[in-house]
Amino acid sequence: MVKNLLISVISQEEKEENKGSVEFQVFSFTNKIRRLTSHLELHRKDYLSQRGLRKILGKRQRLLVYLSKKNRVRYKELISQLDIREPKTH
């Protein structure tokens, strides 16, 4: 719950700045992911929500790959701020 509050505060600051930025999109996807994860802990058989979660995870993953290629420093800051694991490289 504390993480959600932290992320909502960060995303509020970002909202005024730039809604289209990669960081803001990753913030909002992370919020959605955390919300859906807590929902699925209660409703294990909600397969449509599971599908939505997988789609959002994929979108966030693609954005993070893009950001890591474009600007490694911003990528590292974002990963540490949101407390996200780094993806496995192939």
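1. Salt bridges, to start: the count comes to three, where a salt bridge is a side-chain nitrogen of Lys or Arg within 4 Å of a carboxyl oxygen of Asp or Glu. Keep in mind that this is a predicted model, in which local features need pLDDT of at least 70 and side-chain atom pairs count only at pLDDT 80 or more, while totals for chains, interfaces and linings use all residues. Residues are numbered from 1 along each chain as its sequence is written, and side-chain values use heavy atoms, with hydrogens and water left out.

2. Have a look at R74 and E23: their side chains form a salt bridge at 2.5 Å, N to O. This pair joins distant parts of the chain, with R74 in helix α4 and E23 in helix α2, 51 residues apart. Is each partner buried or exposed, or something in between? E23 is buried, at 14% relative accessible area, and R74 is partly exposed at 35%. For the cut-offs, buried means under 20% relative accessible area, exposed over 50%, and partly exposed in between (1.4 Å probe, protein chains only).

3. Then there's a little group around E86: R72, K76 and E86 are linked in a network of salt bridges. E86 pairs with K76 at 2.7 Å, N to O, and that pair links E86 in the segment after α4 to K76 in helix α4, 10 residues apart. E86 also bridges to R72, with the closest N and O atoms 3.8 Å apart. Because E86 lies in the segment after α4 and R72 in helix α4, this pair ties together parts that are 14 residues apart in sequence. As for exposure, E86 is partly exposed at 39%, R72 is partly exposed at 43%, and K76 is partly exposed at 38%.

4. On the overall layout, the protein has four helices and zero strands, and along the sequence that reads α-α-α-α. Helices (H or I, at least four residues) and strands (E, at least two) are DSSP runs, numbered from the N terminus. Of the 90 residues, 32% count as buried.

5. Which residues touch the most other members of the largest nonpolar core? V26, L64, L78 and L82 do, out of the 17 residues in that core. α2, α3 and α4 (72-82) each supply at least two residues, and α2 gives the most, with seven. A nonpolar core here is a set of buried Ala, Val, Leu, Ile, Met, Phe, Trp, Tyr and Cys residues joined through side-chain atoms within 4.5 Å. As background, nonpolar side chains tend to be buried together in soluble globular proteins.

6. Over on the surface, K32, R35, R51, R54, K55, K59 and R62 form a positive patch. The elements giving two or more residues to the patch are α2 (22-42) and α3 (47-70), and α3 provides the largest share, five residues. R54 sits in helix α3 and is exposed, with a relative accessible area of 53%. Patch residues have over 30% relative accessible area and no salt bridge, with like charges joined within 9 Å; Lys and Arg count as positive.

7. One last backbone detail concerns D83, in the segment after α4. Its phi is near 60°, a positive value in a residue other than glycine.

Technical notes: Patch = residues over 30% accessible without salt bridge, like charges linked within 9 Å, V, L, I, M, F, W, Y side chains within 5 Å. Areas by Shrake-Rupley, 256 points an atom, 1.4 Å probe, with all protein chains shown as cover. Charge placed at Lys NZ, Arg CZ, Asp CG, Glu CD.
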